Amino acid sequence: MHIYKQLSEAYNNLTLSILGVIANAAVLFYIFFGHTNNTTLIIWGAFVLLISVFRYLTVLKYKAEKTLLYIDKWQKLLFIGIVLSALSWGITPFLFFVPGNYLYQMVLIVILAGLSAGSISTLAHIRLNIQLYLVVLIVPLIVELLLQKTAIHNDMAILVSLYLLLLLTVSKKFNQTYLDSITSHLMFEQKREEFLESEQKFKAIFKSVPIGILFYDTNLIIQEVNNSFVDFIAAPKDFLIGLDLEKSRDRSLMPTFKAALDGISGFYEGPYTTLYKQKDLWVSMSTSPLRNSDNEIIGAVGIIADITERMLIQLQIEHQANHDTLTDIPNRANLKQEIAKNIIRFQRHGVIFAIIFLDLDHFKNINDSLGHDVGDKLLVQTATRLKNTIRDEDMVARIGGDEFVILLPDLSADEFEAAKSAEIVSQKIHETFRTPFEIDGYKLNISSSLGITLINAQSQSEDALLKHADIAMYESKKDGRNTTRFYQESMDQWIKRRLEVENELKNAIKNNELRLVYQPVVEFATSKVIGMEALIRWKSQKLGDMYPDEFITIAEESGMILSIGEWVLQEAVSQFMIWQKQFAHTINLKKIAVNVSVHQFNAPNFLMQVENIIAQSGIVKEHLELELTESIIVKDISGVRAKMQQLRDLGVNLSIDDFGTGYSSLSYLKKLPFTTLKIDKSFTQDIGNDVDDKELISTIITIAENFNLEVVIEGVETYEQYAFVNERKATFMQGYFCSKPMEKESFEAMLESSNGICSIMTEAKEKI
Ligand code: C2E
Ligand code: CA
Ligand code: CA
């Protein structure tokens, strides 16, 4: 690379050098003409001129061709010219050294010295050239001086030799400096070219890549966008430039934009709605910070690609992988994934889900007799019916021939609730099959067999659950098809029992199967029976004797508690009125306590019901005590309080039943207008145990008395329990110690015979 530069420099300087040579030759000619052999001088002059012309022609030719080819040729031509020129001057001391005439000798020396000095600037670009030139020019002079053999000439020869050495050194230095300068110049040129090239490349890419690029500054203002970005966003360029990204309606890209300004690369892949034409796309976007030379962030570049098509294809592929081709509902793989997710949810939050395994009854017959085409259509219609039966969040999948699975997520945390919901769905499914299928002119009556399994702590894998549901389904088939079975035998029976109870209870009132039993409430101080609590009993034709703990919840869940509760209230009050009249002269009965379910309490017409019963029966209002539980306390405490106050305004008493089993504190309950507190039997029954609740009971009684609440201690069974409570002087007690709940006839007999005194209490008192 250097040599081109050197050559062109050398040729550029050559004209000047030639002119210098001609000028020197002219001076020499003028001074020496007449003082030397004129013929020799003329011939020499012509020779010099000839060489100069030759050299000048090479310059012209070099410039005309301006070619970098044939470096050798140009180098050679230059070299020849220099050697010839040097020779033409080198021989001058031999030709024109006028013996004895020191002046002319000096002139010649000065001319040669001048030429040689001058040549450094014009010839030193190529080291060989200049050094050869200097040697050929000066060495003959030194020889000629030595040939004179005088002391002064010898000295001169030495001086000229030193001068030659000096010039050689200088020319070498000059050459080196020159070479360095062109090296750096060339390097600079090269870098500049590289830079221009890359800038151009970048510009070309920026303009034409099929990927949107935008530059924005630290204020999130768009500085520059490329064509693809313009196409992509479908907004004009001048709308985009200067636009504040912060103003875009779809915020999904903002974190990515901002990440780059925080010095990290951002990335986003997902849906995006364009800001100008509101196109819904799927994009992939990455951002990187831009920094200045001080490493400060001055903005960022964002690269964005429209991957909508790719996504659509991907979604389609995914859909195909996860769906059954015939019915287009989820397939087995998809179902198993979903079950796995639900298992995790169950493990974390305890939310129970169910799986219903469904198999069409006698599907094979249809396939065999009517053909696969009809069979396929039946499957498609089945899928549609199932989808229409379930909720949006449920899933119905086809996992094989005529086998479908329905996944019911998020049923409940309560196992019974969950089972019941699943059972209801299974009933709905049986129902949808009741309408015949119409396929190709055939009316097909198809039923299905269902197996249900619920997740529990033991069944922890998708496969296990599917297998359980399958087993349960198989049980249904064995049971004669068109039915449902739960996987666990126990659960199956449990569910069946609950449903049976519910069914039987529906007829209980109208079949007169319900009755009340009564348990006396006794005053501690006097051992007198002051009233009773009414407790429901049910003698079912089919199920036998039923206790409230089993059927009240079912009555509550089915809503039947409303009519049952109304019956209880009516029956209890009218029985109380009968006894009050009957024993008016002997016993002072002043309390009939009736249990009221929270569902009853919440019913809008409850207040009216109570009002009517009071009016119809003529009961002294204060004699009626409604027993409520802590479960009435919900978020809307002020609504509860208002309703209670309305009941109090009617004049009836309100007791808090089973106190201590809930979560409410005494002071909280104080805000509600209760009149009586019933301490739950679980506390009483602890008395006498190793860790008894004596302290706690004492505290509750003290506080209740301070709040002006009557206290009833429930569940007093033993003498020891009685002794403790009596010591505490609690106002009333209720428990087996005095009497179990009794049929009304027995209760009546008891009142009659005892004169309304709990005799065991009086006996106990005497002992104490
Ligand atoms: P409860 O209101 O706490 O009724 C007291 C329960 O304790 C009764 O059970 C009674 O037989 C029992 N009991 C009484 N004294 C003792 C004792 O010394 N020891 C023991 N171990 N138990 C004793 P029952 O009759 O089975 O009633 C159970 C629950 O059913 C009642 O608890 C009440 O919450 C509900 N219930 C009963 N009748 C009705 C009703 O007519 N309507 C509503 N909504 N609920 C009712
Ligand atoms: Ca009660
Ligand atoms: Ca109770």
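This talk goes through two calcium sites, the ligand beside them, one helix and a few single residues in a predicted model.

I'll start with the metals. The calcium ion listed as ligand 2 has four protein donors: Glu533 through OE, Asn595 through OD1, Glu627 through OE and Asp657 through OD. Their distances from the ion run from 2.0 to 2.4 Å. If you want to find them in the sequence, the spacing reads E-x61-N-x31-E-x29-D. This site ties together distant parts of the chain: glutamate 533 belongs to strand β14, residues 529-540, and asparagine 595 to strand β16, residues 591-595, with the two positions 62 residues apart.

How buried or exposed are those two donors? Glutamate 533 has a relative accessible area of 3%, so it is buried. Asparagine 595 is at 30% relative accessibility and therefore counts as partly exposed.

Now the other calcium ion, ligand 3. Asp657 and Asp658 each coordinate it through OD, and Glu714 appears twice, through OE both times. The distances here are 2.2 to 2.5 Å. In sequence the donor residues follow the pattern D-D-x55-E. Again, distant parts of the chain are linked: aspartate 658 sits in strand β18, residues 653-659, while glutamate 714 sits in strand β20, residues 710-714, 56 residues apart. Glutamate 714 has a relative accessible area of 10%, so it is buried. Aspartate 658 is partly exposed, because its relative accessibility is 25%.

Which residue do the two sites share? Aspartate 657 coordinates both ions, and the ions are 4.0 Å apart.

Next, ligand 1. It is surrounded by 21 residues, and the closest are Gln519, Arg537, Asp657, Glu717 and Tyr736. Several calcium donors turn up here as well. Aspartate 657 has a polar side-chain atom 2.9 Å from an oxygen atom of ligand 1. For asparagine 595, a side-chain N or O atom is 3.0 Å from a ligand 1 oxygen. For glutamate 533, the distance from a polar side-chain atom to an oxygen of the ligand is 3.2 Å.

Staying with strand β16, look at lysine 591, which is found in that strand. Lysine 591 is buried, since its relative accessibility is 5%. What does its side chain pair with? There is a polar contact of 2.7 Å between the side chains of lysine 591 and glutamate 625. Beyond its sequence neighbours within four places, lysine 591 has contacts that include Val521, Met532, Phe576, His623, Glu710 and Val712.

On to helix α22, which covers residues 637-650. With 14 residues at 1.5 Å a residue, the helix should span 20 Å, and the end C-alpha atoms are indeed 20 Å apart, so the two agree. Which of its residues are buried? They are Val640, Lys643, Met644, Leu647 and Leu650. These residues cover an arc of only 105° around the axis, so they are on the same side of α22. The general point is that an α-helix has 3.6 residues a turn, so residues three or four places apart point the same way.

What does that side pack against? The buried residues of α22 pack against α20, α21, β17 and β18. After the helix comes glycine 651, with a positive phi near 110°.

Glycine is not alone in having a positive phi in this model. Leucine 220 is a residue other than glycine, and its phi is near 65°. It is located in the loop between β1, residues 212-217, and β2, residues 222-225. Leucine 220 is at 5% relative accessibility, so it counts as buried. Aspartate 410 is not a glycine either, and its phi is positive at about 50°. Aspartate 410 is in strand β8, residues 403-412. With a relative accessibility of 40%, aspartate 410 counts as partly exposed.

The last residue is glutamate 438, in strand β9, residues 437-439. Is it buried or exposed? Its relative accessible area is 55%, so glutamate 438 is exposed. Setting aside residues up to four places away in sequence, glutamate 438 touches Gln381 and Lys443. Glutamate 438 and lysine 377 are 61 residues apart in sequence, with 9.6 Å between their C-alpha atoms.

To return to the metal sites: aspartate 657 coordinates both calcium ions, and a polar atom of its side chain is 2.9 Å from an oxygen of ligand 1.

Conventions. Residues are numbered from 1 along each chain as its sequence is written. Chains are lettered from A and ligands numbered from 1 in the order in which they are written. This is a predicted model: local features need pLDDT of at least 70, side-chain atom pairs count only at pLDDT 80 or more; totals for chains, interfaces and linings use all residues. Side-chain values use heavy atoms; hydrogens and water are left out. Donors are N, O and S atoms within 2.8 Å of the metal (3.2 Å for Na, K and Ca); water is not among the atoms, so sites may look incomplete. Helices (H or I, at least four residues) and strands (E, at least two) are DSSP runs, numbered from the N terminus. Buried means under 20% relative accessible area, exposed over 50%, partly exposed in between (1.4 Å probe, protein chains only). The expected span of a helix is 1.5 Å times one less than its number of residues. The arc is that of the directions from the helix axis to the C-beta atoms. Contact means heavy atoms within 4.5 Å. A residue is near a molecule or strand if one of its heavy atoms lies within 4 Å of it. A polar contact is a pair of N or O atoms within 3.5 Å; within protein, one must be able to donate a hydrogen and the other to accept it, and residues adjacent in sequence count only if both atoms are side-chain atoms.
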